[in-house]
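Subject: Structure handover

Dear colleague,

Here is the structure for you to look over. My notes on it follow below.

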Amino acid sequence: PYGCAECGKSFNRSSALSAHRRIHTGEKPYGCSQCGKSFGQRSHLISHQRLHTGETPYTCSDCGKSFNQSFALSRHRRIHLGEKPYGCFECGKSFNRSSHLITHRRTHTGEKPYTCSECGKSFSQCSNLITHRRLHTGEMAYTCAECGKSFNHSSALSTHRRI
């Protein structure tokens, strides 16, 4: 009975409509006392606060891995169940995360939406751009705990560790 005048979505409780309206207004009344980040829903603040406390109340019964949000456990469970609900219409390959399908689709389209502002080189994945940027900044993000030598790629550290 409670409809949103902005988008037409309906809710069975007025409180649910009030929480939904914050999407349109941008209001974020729930603030984290530790870092100041704000949220539109109290449940999102509670999940966020688990990052600070390290609390991971959702545990996988198969492998014991823990998560701070229930959706993350549900997503993880797909690994054990072999579920891959996101399929590519072009080649039939399936994925357990929608983001992996989106990245995969770029292999068909050739889309490279992430561009280096320094040299203009483009990448299909944001993580590849981040790694590339280290060439310009000289940042060495991966350090050997044994000898202190640093590398700009995790694979270079892995190779070093084998030596």
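The protein carries 24 positive and 10 negative side chains, and 2 Å separates the centres of the two sets. Lys and Arg are counted as positive, Asp and Glu as negative, with His and the chain ends left out; each charge is placed at NZ of Lys, CZ of Arg, CG of Asp or CD of Glu.

This is a predicted model, in which local features need pLDDT of at least 70 and side-chain atom pairs pLDDT 80 or more, while totals for chains, interfaces and linings use all residues. Residues are numbered from 1 along each chain as its sequence is written, and side-chain values use heavy atoms, without hydrogens and water.

Overall form

There are 6 helices and 12 strands in the protein, taken as DSSP runs (helices H or I, at least four residues; strands E, at least two) and numbered from the N terminus. The radius of gyration is 21 Å, against near 15 Å for a compact globule of 163 residues; this is computed over C-alpha atoms, and the globule rule is 2.2 Å times the number of residues to the power 0.38. The C-alpha trace spans about 65 × 45 × 40 Å along the principal axes. Of contacts (heavy atoms within 4.5 Å) between residues at least 6 apart in sequence, 0% join residues at least 24 apart. Buried residues account for 23% of the 163, where buried is under 20% relative accessible area, exposed is over 50% and partly exposed lies in between (1.4 Å probe, protein chains only).

Helix α3

Helix α3 covers residues 70-81, and its end C-alpha atoms are 17 Å apart, in agreement with the 16 Å expected for 12 residues at 1.5 Å a residue; the expected span is 1.5 Å times one less than the number of residues. A72, L73, H76 and R78 are buried in α3, and the buried residues of this helix pack against β5 (58-59), β6 (66-67) and β7 (86-87). Just after α3, G82 has a positive phi of about 75°.

H153 and T131

H153 sits in the loop between β12 (150-151) and α6 (154-162). It counts as partly exposed because its relative accessibility is 31%. Leaving aside residues up to four places away in sequence, H153 touches T131 and Y142. The C-alpha atoms of H153 and A141 are 7.3 Å apart, with their positions 12 residues apart along the chain counted as separation. T131 belongs to helix α5 (residues 126-137) and is buried, at 19% relative accessible area. With the same sequence neighbours left out, T131 touches N152 and H153.

Regards
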